[in-house]
Amino acid sequence: MAKTALITGILGQDGPYLAKLLLEKGYKVYGLIRRYSNPTFDNLDFLGVTKKIEFVDGDMTDESSLLHLIKRTMPDEVYNLAAQSFVGASWQQAKLTTEINALGVLYLLNAIKFFSPTTKFYQASTSEMFGISHDKGFQDENTIFHPRSPYGISKVYAYWMTVNFRESYDLFTCNGILFNHESPIRGIQFVTRKITDGVAQIKNGLADKLHLGNLDARRDWGFAGDYVEAMYLMLQHKTPDDYVVGTGENHSVKDFVVEAFSAAGIPDWEKYVVIDARFKRPAEVPNLKARASKAEKQLGWKTKTSFKDLVKMMVEADLKRYEAK
Ligand code: NAP
Ligand code: GDD
């Protein structure tokens with residue numbers, strides 16, 4: 001019989017890439033969607049998988065919806081990707097961020113414990129939990145957490161709850177501590193996509209400025225399509241554990257800008273970029289760089305897409321979108 005997986009956050013960036021991977025492996029995929037006045041399936045359509053998913057209703061802030069859902073579907077695997085995932089918004093919406101990202105995970109784990117204890121669980125943990133910790137110049141599974149935003153703090157709670165359900169109830173629960181990963185369907189608020197979309201607008205004469213915040217922040221940027229393979233591999237491993245996933249290379253926001261303008265064939269990026277205080281954060285995470293050797297050794301996972309190829313892929317997709325319009 002086909003394995004079954006429930007993906008929360010199915011309409012976001014990672015949900016569609018993971019759904020595609022699992023469908024290719026023969027899974028039946030349930031995708032959790034919350035109530036929407038005007039739902040958009042654009043990201044799933046982009047990967048051509050919308051029609052192959054069975055959509056189920058629920059909300060991470062509504063415990064009973066998750067209890068019913070797990071009781072009804074009893075999936076082999078749950079990938080919890082749902083989150084208020086934009087760090088910048090988490091200062092303004094700290095309570096909502098906590099309810100979705102922290103308490104929502106507790107509700108989901110409880111539902112699994114009560115109704116489907118053999119279900120394997122993946123939690124979308126994040127390098128934002130490390131915040132300003134980088135005592136060795138990189139972060140790995142032994143690096144202490146020092147989150148810098150309500151988002152990062154909510155994810156630390158979820159991380160430890162995931163570990164605790166493993167230790168207390170012997171559930172198969174894993175944390176993937178993923179560093180930034182991007183793609184042509186990355187949300188438009190995140191800096192990479194904001195830059196590639198802005199570059200495409202400038203190239204097509206639809207804008208003449210790109211407003212950004214801190215150009216010095218450094219991130220370890222990989223491709224989402226590579227990272228969902230690590231999620232899958234964690235749940236296939238013989239024992240549940242927590243893994244850092246990243247490329248081991250980092251670049252500044254400015255490096256991304258330079259590469260993106262160059263990929264679009266626009267000289268003199270400085271003519272277009274405006275530093276705008278509105279996009280600076282009350283507390284910044286200045287420098288994230290992964291050491292993913294545990295995932296490489298134990299899971300056989302490796303990043304495949306270079307920084308240059310990632311930027312090019314995103315710029316080309318946005319140029320194509322504007323040309324099509
Ligand atoms: P994303 O594009 O923001 O997608 C998040 C999804 O969560 C959206 O589909 C959203 O649904 C859903 N969601 C939000 N609140 C919900 C609620 N109350 N109930 C049900 N669903 C809800 O995020 P992503 O980039 O794919 O990331 C996936 C996960 O990995 C997130 O948990 C994120 O925090 C984590 N993560 C991401 C990265 C990265 O670089 N991308 C790195 C580390 C960890 P709507 O469409 O209805 O808004
Ligand atoms: N969004 C945004 N917009 N960020 C900007 C801008 C801007 O105009 N200008 C500079 N930045 C800087 C931010 O201050 C930050 O240092 C960096 O660009 C990256 O910002 P985001 O792309 O918003 O991502 P993030 O690193 O804060 O968070 C993402 O990665 C995390 C993993 O480390 C999100 O996907 C999180 O959900 C994820 O957990």
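Start with Glu296: setting aside neighbours within four places in sequence, Glu296 is in contact with Trp301 and Lys302. This is a predicted model, so read everything here as a description of a prediction. Glu296 is found in helix 9, which covers residues 293-299. Is that residue buried, exposed or partly exposed? With a relative accessible area of 29%, Glu296 is partly exposed, because that label covers values between 20% and 50%. If you want a feel for distance, pick Ala83 as a reference: its C-alpha atom and that of Glu296 are separated by 26 Å, and the two residues sit 213 residues apart along the chain.

Now for the sheet. Seven strands make up an open sheet with the order 3-2-1-4-5-6-11, and the pairing is parallel. At the edges you'll find strand 3 (54-57) and strand 11 (242-245), each of which pairs on one side only. From one strand to the next, the twist averages 20°. Helix 1 (residues 14-24) packs on this sheet and touches strand 1, strand 2 and strand 4. Its direction makes about 175° with that of strand 1, and since angles over 145 degrees count as roughly antiparallel, that is the label for this pair.

Work along the strand order and the pairings fall into place. Strand 2 (residues 28-33) pairs with strand 3 in the parallel sense over four bridges, and Tyr30 stands opposite Glu54 in strand 3. Strand 1 (residues 4-8) pairs with strand 4, also in the parallel sense and over four bridges. On the other side of the order, strand 4 and strand 5 (residues 120-126) pair in the parallel sense over four bridges.

Strand 4 deserves a pause. Which residue there is the bridge partner of Ala5? It is Glu77, and Glu77 in turn has Lys120 as its bridge partner in strand 5. Side chains in a regular strand alternate between the two faces of the sheet. You can follow that in strand 4 (residues 77-80): Glu77 and Tyr79 point one way, Val78 and Asn80 point the other way, and all are buried. Helix 7 (residues 224-236) lies across strand 4, strand 5, strand 6 (173-178) and strand 11, running at about 140° to strand 4.

From strand 4 you can also step over to the helices. Strand 4, helix 4 (residues 94-115) and strand 5 make a right-handed β-α-β unit. Helix 4 then packs with helix 5 (residues 150-169) at an angle of about 10°, their axes 8 Å apart. That makes helix 4 roughly parallel to helix 5. The contact draws on residues of helix 4 including Ala94, Asn101, Leu106 and Lys113, and on residues of helix 5 including Pro150, Tyr157, Met161 and Tyr169. Helix 4 passes helix 5 in a right-handed crossing.

Just past helix 5 comes a backbone detail. Asp170 is found in the loop between helix 5 and strand 6, and its phi is near 65°, a positive value in a residue other than glycine. Asp170 counts as exposed, because its relative accessibility is 70%.

A second helix pair offers another geometry. Helix 8 (residues 253-263) and helix 10 (residues 307-324) pack at an angle of about 55°, with axes 9 Å apart, and these helices are therefore oblique to each other. Helix 8 passes helix 10 in a right-handed crossing. Where do they meet? On the helix 8 side look for Asp255, Phe256, Glu259, Ala260 and Ala263; on the helix 10 side, for Phe307, Lys308, Val311, Lys312, Met314 and Val315.

After helix 8, the loop leading to strand 13 (273-275) holds Asp268. Asp268 has a positive phi of about 60° although it is not a glycine. Its relative accessibility is 48%, so Asp268 counts as partly exposed.

The last stop is Val273, placed in strand 13. Val273 is buried, with a relative accessible area of 13%. Leaving aside neighbours within four places in sequence, Val273 is in contact with Leu210, Leu212, Leu215, Val257 and Phe261. C-alpha to C-alpha, Val273 and Gly213 are 9.9 Å apart in space, and in sequence they are 60 residues apart.

Terms used
Residues numbered from 1 in each chain as written. Chains lettered and ligands numbered in written order. Predicted model: local features only at pLDDT ≥ 70, side-chain atom pairs only at ≥ 80, totals over all residues. Heavy atoms only, no water. Buried < 20%, exposed > 50% of the residue type's maximum accessible area, 1.4 Å probe, protein only. Helix = DSSP H or I, 4+ residues; strand = E, 2+ residues; numbered from the N terminus. Pairing = 2+ DSSP bridges. Right-handed = clockwise from strand over helix to strand, strands pointing away. Contact = heavy atoms within 4.5 Å. Axes fitted to C-alpha atoms, helices over the stretch in contact; angles between N-to-C directions. Parallel < 35°, antiparallel > 145°, perpendicular 65-115°, else oblique. Left-handed = near helix turned anticlockwise from the far one by under 90°.
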